[in-house]
Amino acid sequence: MSLFNVFHIAASALTAQSQRLNVVASNLANAESATSVNGGPYRAKQVVFEAIPMSGGSVQAGLGVAVREVVDDPSPLRRVYDPRHPAADKDGYVTYPNVNVVDEMVNMISASRSYQNNVDVMNTTKAMMLKLLTLGQ
Amino acid sequence: MMVDKLDRLFEGHAAALKLASFRQQLLASNIANADTPHYKAMDIDFAAELKRVIDGGAAAGSLVTTHPRHLPGNSANPLGAQVRYRSDVQGNIDGNTVDMDRERAQFAENALRYEAIVRVLNTQIQHMKAALRTQ
């Protein structure tokens with residue numbers, strides 16, 4: 001029944017959006033991390049979404065969403081003059097992550113709106129199915 | 001036979017319900033993929049598809065059964081409705097053609113349509129029950 005597919009589709013979108021929200025959270029948390037496990041400063045991460053066919057690989061069964069990959073933001077890192085910082089280079093500059101806080105906030109709002117939309121889709125579909133179950137009563 | 005008549009009475013509505021739930025699934029796909037690059041929004045022409053099914057074209061997407069014990073199959077698109085891409089009103093720079101306002105409006109409309117069909121079907125069942133009841 002197609003209505004069950006709706007739940008799978010909306011659920012895949014919820015998973016993808018919450019993963020996007022996770023990435024935003026880690027970007028914001030690390031906006032000032034001048035050092036990380038791989039030595040250099042933290043690089044902002046972005047998710048790449050991809051449409052995936054649901055239920056048996058058929059496009060006719062609707063398309064859900066999945067995160068294809070998490071990519072590093074290639075934009076240049078931020079350099080700040082602070083000679084007393086332990087991570088400063090010989091010119092006195094510290095390299096900070098390329099996290100753009102404004103972008104991340106916008107990304108976060110967009111993710112949460114999309115999440116809400118998909119929750120609404122689930123609620124509406126649930127109401128439809130419950131209506132159908134009262135048929136003939 | 002009585003059962004045949006009952007079948008015929010309900011089959012139009014059954015087709016409409018199937019189409020509405022298939023459409024609901026397409027619209028859910030569109031809403032789910034609102035942020036997916038290069039995704040193209042899809043929809044069906046509900047009125048045209050329903051007319052086609054009622055006029056007897058339903059066999060297009062369904063399995064042919066040659067024995068009474070064959071299973072009819074469980075395709076996601078049971079009536080073989082033709083899925084079309086939406087013409088985009090305002091293209092997105094990443095190639096995505098989902099217009100969230102339009103999708104939400106269509107989604108709400110389709111849910112309402114579904115409820116209306118269920119309600120009509122319910123009324124018919126009530127009438128049928130009243131006729132069958134022995135007093």
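Let me start with a cut-off: a residue is called exposed when its relative accessible area is over 50%. Under 20% is buried, and anything in between is partly exposed. Keep that in mind, because D55(B) reaches 56% and so counts as exposed. One more thing before we go on. This is a predicted model.

Let's stay with D55(B). Its side chain meets that of K51(B) in a salt bridge, with 3.0 Å from N to O. Where do the two sit? Both are in helix 2 of chain B, residues 46-57. They are four residues apart, so about one helical turn separates them. K51(B) is exposed too, because its relative accessible area is 55%.

Now step back to chain B as a whole. It has three helices and two strands. Along the sequence, the order is α-β-α-β-α. The chain has 135 residues, and 37% of them are buried. What about contacts along the chain? Take the contacts between residues at least 6 apart in sequence: 77% of these join residues at least 24 apart. The accessible surface of chain B is about 8,100 Å². Carbon and sulfur atoms account for 56% of that surface.

There is one annotation to mention here. UniProt, in an unreviewed entry, places "domain: Flagellar basal body rod protein N-terminal" at residues 14-40 of chain B. In the model, that span is 70% helix and 0% strand. The C-alpha atoms at its two ends lie 29 Å apart.

On to helix 3 of chain B, residues 100-132. R113(B) and E109(B) are four residues apart in this helix, so again about one helical turn lies between them. Their side chains form a salt bridge, at 2.6 Å from N to O. Are these two buried or exposed? Neither. R113(B) is partly exposed, because its relative accessibility is 31%. E109(B) is at 34%, so that residue is partly exposed as well. And the pair does not stand alone: salt bridges with shared partners tie R23(B), D43(B), R86(B), E103(B), E109(B) and R113(B) into one network.

How many salt bridges are there over all chains? The count is 13.

Chain A supplies another example. D89(A) pairs with R79(A) in a salt bridge, and their closest N and O atoms are 3.3 Å apart. This pair links distant parts of the chain. R79(A) belongs to strand 3, residues 78-81. D89(A) lies in the loop between strand 3 and strand 4, and strand 4 covers 93-96. Ten residues separate the partners. As for accessibility, D89(A) comes out at 31%, so this residue is partly exposed. R79(A) has a relative accessible area of 46%, which means partly exposed again.

Last topic: a pocket. I'll take the second largest one. The space in it is about 310 Å³. Its lining has 16 residues. Which of them lie nearest the centre? They are R20(A), V47(A), F49(A), N107(A) and D35(B). Note that this list draws on chain A and chain B. Two elements give two or more residues to the lining: helix 1 (2-29) and strand 1 (45-53), each in chain A. Strand 1 of chain A gives the most, with five residues.

Conventions: Residues numbered from 1 in each chain as written. Chains lettered and ligands numbered in written order. Predicted model: local features only at pLDDT ≥ 70, side-chain atom pairs only at ≥ 80, totals over all residues. Heavy atoms only, no water. Salt bridge = Lys/Arg side-chain N within 4 Å of Asp/Glu carboxyl O. Buried < 20%, exposed > 50% of the residue type's maximum accessible area, 1.4 Å probe, protein only. UniProt positions renumbered as here; feature names shortened; annotations may be inferred. Contact = heavy atoms within 4.5 Å. Areas by Shrake-Rupley, 256 points an atom, 1.4 Å probe, with all protein chains shown as cover. 1 Å grid on protein atoms, 1.4 Å probe; cavity = no way out; pocket = protein on both sides within 12 Å on 5 of 7 lines; lining within 4 Å. Points joined across faces, edges and corners; volume = space filled by probe spheres on them.
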